[in-house]
Amino acid sequence: MDKKREMFNRAMAEFLDIPKDLVLDLPRLTLTGRNELYLENHRGIIEYTLNRLRINLSRGFLEIQGHNLEIKSLLPEEISVFGEIDAIKFLD
Amino acid sequence: MDNRVLNQMQGIIEIRLFGQNCEKVMNMSLMRGIYIWDIKRKDECLEFKIRRSAYHALKNIAADNNFQMEIINEQGIPFLKKVIQRRSGFLSGALVFLLAIYLMSSFIWFVEVTNNQKIDSSTIMLTAAKHGLYKGAGKWSFSRSQVEKGILVDLNQLSYVKVDIRGVKATIEVVEKILPGDDITGPCHIVASKDGVIEEILLLEGQMNVQEGEVVSKGDILISGIVFYQPNTSLAGGDEAEIKEMPPEIVRARGIVRARVWYEGYGECRRTSKKVVYTGRESRQVVVRTPWRDFTLMGAGDPGFEQFSQKISNKAIDSPLGTFGWIDMTAREKKTIVRHISENEAVKIARENAIKNLQGKMADGKRHQDLKVEILSSPSDPVLRCKVAVEFIEDIAKAEPINEQ
């Protein structure tokens with residue numbers, strides 16, 4: 001049922017040309033250089049260490065690997081990460 | 001959300017959180033709408049910042065989940081209280097300073113009067129003081145417009161007054177009235193202001209009383225303001241009886257009357273003159289003064305001059321033992337030279353003195369006509385006296401009102 005709904009939403013978003021992060025609750029990532037990451041539509045933090053940050057998403061989670069990672073600000077919908085980022089991985 | 005000014009206003013608390021799985025607390029805070037920023041992972045703990053208002057909510061979350069919490073720093077205006085308490089002396093000093101500045105600047109410290117020419121500044125300041133504007137007056141104690149009005153009423157020689165207050169300085173700017181001159185407007189005669197011989201007359205209005213070449217003395221009427229009707233002889237068959245009955249017309253006589261006038265000056269010169277000159281010979285004596293004895297270092301006590309002037313420079317230091325000092329005396333020899341002045345030279349000097357004396361009496365801009373020198377003293381007199389007479393041509397017309405009675 002959910003899958004059908006998602007497909008319908010996707011089709012509608014494409015048809016009406018609406019940003020998908022709004023309709024489908026997808027995460028939006030803004031990466032500035034390799035030191036600054038801004039993420040919208042997250043679902044909380046799973047794990048945070050200096051070298052690894054795992055952020056829960058609506059589907060799956062995002063793993064950020066790097067050094068000296070620091071969460072600059074944490075808001076219900078947004079998160080901003082500073083530090084030397086080596087990799088960003090989407091995991092299910 | 002991340003408003004730094006607002007955060008500073010509300011107060012920021014920096015917290016250190018100890019325990020396993022700190023992410024749990026972060027997620028729970030997110031659910032409660034607590035804004036967290038500057039999150040840093042340290043070895044065993046997590047450091048982050050929250051607003052002061054969220055502290056209690058976070059404390060409850062941490063307590064419920066068995067986390068240890070520690071405040072490491074407090075920032076922002078609400079926490080300034082402690083700083084204020086600690087530096088109360090400094091702050092109260094600053095406050096007193098500001099108050100003193102405010103208090104001092106609310107008085108007038110300088111009063112200045114500008115633009116006045118005839119009226120004395122002190123008169124204007126005194127009048128201003130009467131209306132409340134004086135050195136040391138409080139700015140609240142007088143009204144500018146009242147002072148302006150008051151000065152204008154009290155000093156009727158002024159036509160405009162502006163009081164300008166800039167800081168602690170009050171400037172009173174005035175404009176004086178230009179009063180009409182004391183010109184005679186009513187009927188008048190033109191009389192002679194000096195003795196003299198009339199050179200030329202230009203009659204503008206009135207009846208001429210004197211002729212060119214006539215000698216007049218001071219006060220004589222030159223142009224009369226009472227005009228009698230002159231029968232015109234060229235008109236044949238005039239009604240003489242009618243003319244005689246016509247009353248004289250009284251007018252303001254006008255005209256220029258130029259006359260030859262004299263000025264006399266007196267001068268004198270002594271036939272022998274005495275002059276004191278320095279011969280150039282000098283004698284210097286230097287004495288060192290001690291409480292016990294004076295030592296002459298240089299020169300003798302008596303310069304050995306008949307006439308001399310002495311210059312003494314004295315330097316002394318008073319000590320408990322007495323006076324120690326240094327006296328430097330320089331005597332310069334003088335000589336009196338008696339000089340006999342020849343008669344010609346004496347006349348020249350006396351004449352110059354007389355002219356100098358004369359110039360004091362005369363007004364400027366007069367045409368020089370003639371200069372006569374008269375020697376008053378006899379050749380045997382020790383002083384040569386002379387009189388200088390100068391002739392000028394000048395306007396001697398002076399208006400004098402007609403006495404109606």
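**Cavity, cores and an aromatic cluster**

In this predicted model, the largest cavity is lined by Ser283(B), Arg284(B), Gln285(B), Ala300(B), Gly301(B), Pro303(B), Gln310(B), Met329(B), Thr330(B) and Ala331(B). Two elements of chain B, β16 (272-289) and β19 (322-340), each give two or more residues to this lining. By class, the lining comprises 4 nonpolar, 5 polar and 1 charged residues. The volume of the cavity is about 50 Å³, and the structure holds 1 cavity of 30 Å³ or more.

Turning to the packing of nonpolar side chains, the largest nonpolar core has 35 residues. Those with the most contacts inside it are Leu53(A), Ile64(A), Ile71(A) and Leu74(A), together with Ile39(B), Phe48(B) and Ile50(B). Strand β5 (residues 61-74) of chain A gives the most to this core, with 5 residues. Leaving aside residues up to four places away in sequence, Ile64(A) touches, among others, Leu37(A), Leu53(A), Ile55(A), Leu69(A), Val81(A) and Ile85(A). A second, separate core contains 27 residues, including Ile198(B), Val216(B), Ala253(B) and Ala259(B).

Aromatic pairs offer another view of the model: 6 are found over all chains. The ring centres of Phe107(B) and Trp109(B) lie 6.1 Å apart with the planes at 50°, so this pair is tilted. Phe107(B) also pairs with Trp140(B), here edge-to-face, at 5.3 Å centre to centre and 70° between the planes. This second pair links distant parts of the chain, 33 residues apart. Ring pairs thus join Phe107(B), Trp109(B) and Trp140(B) into a cluster. Within it, Phe107(B) is partly exposed at 21% relative accessible area, Trp109(B) is partly exposed at 38%, and Trp140(B) is exposed at 62%.

Note on methods
Residues numbered from 1 in each chain as written. Chains lettered and ligands numbered in written order. Predicted model: local features only at pLDDT ≥ 70, side-chain atom pairs only at ≥ 80, totals over all residues. Heavy atoms only, no water. Core = buried A, V, L, I, M, F, W, Y, C linked by side-chain atoms within 4.5 Å. Buried < 20%, exposed > 50% of the residue type's maximum accessible area, 1.4 Å probe, protein only. Helix = DSSP H or I, 4+ residues; strand = E, 2+ residues; numbered from the N terminus. Contact = heavy atoms within 4.5 Å. 1 Å grid on protein atoms, 1.4 Å probe; cavity = no way out; pocket = protein on both sides within 12 Å on 5 of 7 lines; lining within 4 Å. Points joined across faces, edges and corners; volume = space filled by probe spheres on them. Nonpolar A, V, L, I, M, F, W, Y, C, P; charged D, E, K, R; others polar. Phe/Tyr/Trp six-rings, centres within 6.5 Å; stacked < 30°, edge-to-face > 60°.
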